[in-house]
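The following exercises concern helices and charged side chains. Please examine the sequence and the structure before reading each solution.

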Amino acid sequence: MAPSFFLDYPPELTTEQEKYLLDVLKDWSIAHGLAVRPAPSFVTQDQDPSGVLATTAPITLFPSLFPRACFEEGLAIQKAYNELYSAIARDEEWLRSIVEELVDIDDFVAKLWEIHIAVKKEGYVQACNQELSLGLFRSDYMVHVDPSISGAPVGLKQVEFNTIASSFGGLSSQVSVLHNHLLNINAYPSSASTIIKADALPQSKSASSLAAGLASAYNAYGSSRTSHPRCVLFVVQDPERNIFDQRLLEYSLLAESGVRSFRLPFHRTLLDTKLDSDRTLIYVPPHSPTTPYEVATVYFRAGYTPDDHPRSEDWTARLQLERSRAIKCPSILTQLAGCKKIQQVLATPHSPHLKRFLPDDATASRVLRTFAPIYPLDKSDAGVEARNLATNPESADKYVLKPQREGGGNNVYRKTIPEFLKSLPEPYWPAYILMEMIEPPARRNAILRNGEVQKGGVISELGVYGVCLWKNGTGQGKAGEVLENWEAGYLLRTKGDQSEEGGVAAGFGAVDSCCLVDV
């Protein structure tokens, strides 16, 4: 049960108040890059053949209420999560034991693993920057209230951990500033003044902090081995609706660290990059072919879905990037560490694996408290139990079925699970995990999407960013070490309470910021 003020918020707006708020919100958003390319369903290709139009990103009119203690715990625990996933990425033997369960039933995971094996066989470049890896992570949570217990306390439960293309670090830093701006110009009605206060609106530092992470890898790379200037390479999808989110990181990287970056559409990798004999990665900008750059860091904002690899050349391109001296964000092993199967292995009740990577009991217990129960769909004892839960429509109503995918729109929810499994050959069931649904308290807000305001019940997902730079182990008894580790701001995504998915770019959620309350 949500506190009563959750349901009394936000206050009602008069017609004139709403018009004024929306006018300010839309103009401020476009002026500050809080924008996306319009969805094809909103603006067709015929209407915008050059792809030059922009629209306000889906955004909430009010900052959403969020329990202060849950927010603070999410930020405080991020460094432990950074440590956990960097340790997993450094433990190739353990990671192999998990990934090998998937390679025969998940072609995408199998292809990624093949690239790692190919580079390992050739030999990762020793005594250079292939020893270094960068993670720009995001750990996603929901507030959970056990519906079966009257007066149950609120807690924070993890939805997933993202190790590749953790998006909205740019937009999230802007939306918290926007909501604070609306407060400062009195765009919110006076009836909200007891809740919406400056000290309750935490500002997200995500754009600056994530850019600082890229700069730390750039600096760790060292001086140029060629006569060319160094750069950071953003490997991106093309077309990209979420381009402004990425641009905000690029601009912060240049303005705050003086680091030049370029955008490389993934499908142009083999056209615009090459490897020198010592595997130094060279990027030749198409607009300036006489000025090549030595790539210090490759930042993947593409490559997380099979849709990014429609041709065999795309896998060749990923292999070329992985073979290079450039510091990868993420490496193949770090990307694989983000598989849902890894989350399941860590979070399955009574799992012994967490302490392998977090030997400190207090830290491990703190992380463990954020796990929701997750089960495999294999033929282990836990898997058999999960199969029974997933194939029974009554018990399946409490669960979500997840594949090893990122990007939104891939999950199967509640009572649709049994029919989905019936349509899927049983040998492929282990490619999915079964996760207990997180039950957030009921709340309300208003969302601006494609020029229309949608009002009603909402649920929110808190994402906490983290930066981690580490040295990989040598495989000779040296386990590697963490060089940089910090929490890097937050993202709040809010969606209608009838929507199961929350991806903003996938068309489900809206960017938001927190209004902290004591519950």
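Helices are DSSP runs of H or I with at least four residues, numbered from the N terminus. The model examined here is predicted.

**Exercise 1.** Determine in which helix Lys-19 and Asp-23 lie, and how exposed each of the two residues is.

*Solution.* Step 1: Lys-19 and Asp-23 both belong to helix 2, which spans residues 15-31. Step 2: they are 4 residues apart, about one turn of the helix. Step 3: their side chains form a salt bridge, with an N to O distance of 3.1 Å. A salt bridge requires a side-chain nitrogen of Lys or Arg within 4 Å of a carboxyl oxygen of Asp or Glu, so this pair qualifies. Step 4: buried means under 20% relative accessible area and exposed means over 50%, with partly exposed in between. Lys-19 has a relative accessible area of 47% and is therefore partly exposed. Asp-23, at 32%, is partly exposed as well.

**Exercise 2.** Establish whether Glu-250 is buried or exposed, and identify the salt bridge partner of this residue.

*Solution.* Step 1: the relative accessibility of Glu-250 is 7%, so the residue counts as buried. Step 2: Glu-250 forms a salt bridge with Arg-247, and their closest N and O atoms are 3.0 Å apart. Step 3: Arg-247 has a relative accessibility of 28% and therefore counts as partly exposed. Step 4: both residues lie in helix 9 (residues 243-257), 3 residues apart, about one turn of the helix.

**Exercise 3.** Describe the salt bridge between Lys-422 and Glu-419, and then the network formed by salt bridges that share partners.

*Solution.* Step 1: the closest N and O atoms of Lys-422 and Glu-419 are 3.4 Å apart. Step 2: the two residues are placed 3 residues apart in helix 18 (residues 417-423), about one turn of the helix. Step 3: Lys-422 and Glu-419 are both exposed. Step 4: elsewhere, Arg-138, Asp-140, Glu-461 and Arg-493 are joined into one network by salt bridges that share partners. The structure holds 27 salt bridges.

**Exercise 4.** Characterise the packing of helix 5 and helix 6.

*Solution.* Step 1: two packed helices are described by the angle and the distance between their axes. Step 2: the axes of helix 5 (residues 92-99) and helix 6 (residues 107-122) come within 12 Å and cross at roughly 145°. Step 3: the crossing is left-handed. Step 4: helix 5 contributes Glu-92, Arg-96 and Val-99 to the contact, while helix 6 contributes Val-109, Trp-113, His-116 and Lys-120. Step 5: these residues divide into 3 nonpolar, 1 polar and 3 charged.

Definitions and conventions. Residues numbered from 1 in each chain as written. Predicted model: local features only at pLDDT ≥ 70, side-chain atom pairs only at ≥ 80, totals over all residues. Heavy atoms only, no water. Axes fitted to C-alpha atoms, helices over the stretch in contact; angles between N-to-C directions. Left-handed = near helix turned anticlockwise from the far one by under 90°. Contact = heavy atoms within 4.5 Å. Nonpolar A, V, L, I, M, F, W, Y, C, P; charged D, E, K, R; others polar. Buried < 20%, exposed > 50% of the residue type's maximum accessible area, 1.4 Å probe, protein only.
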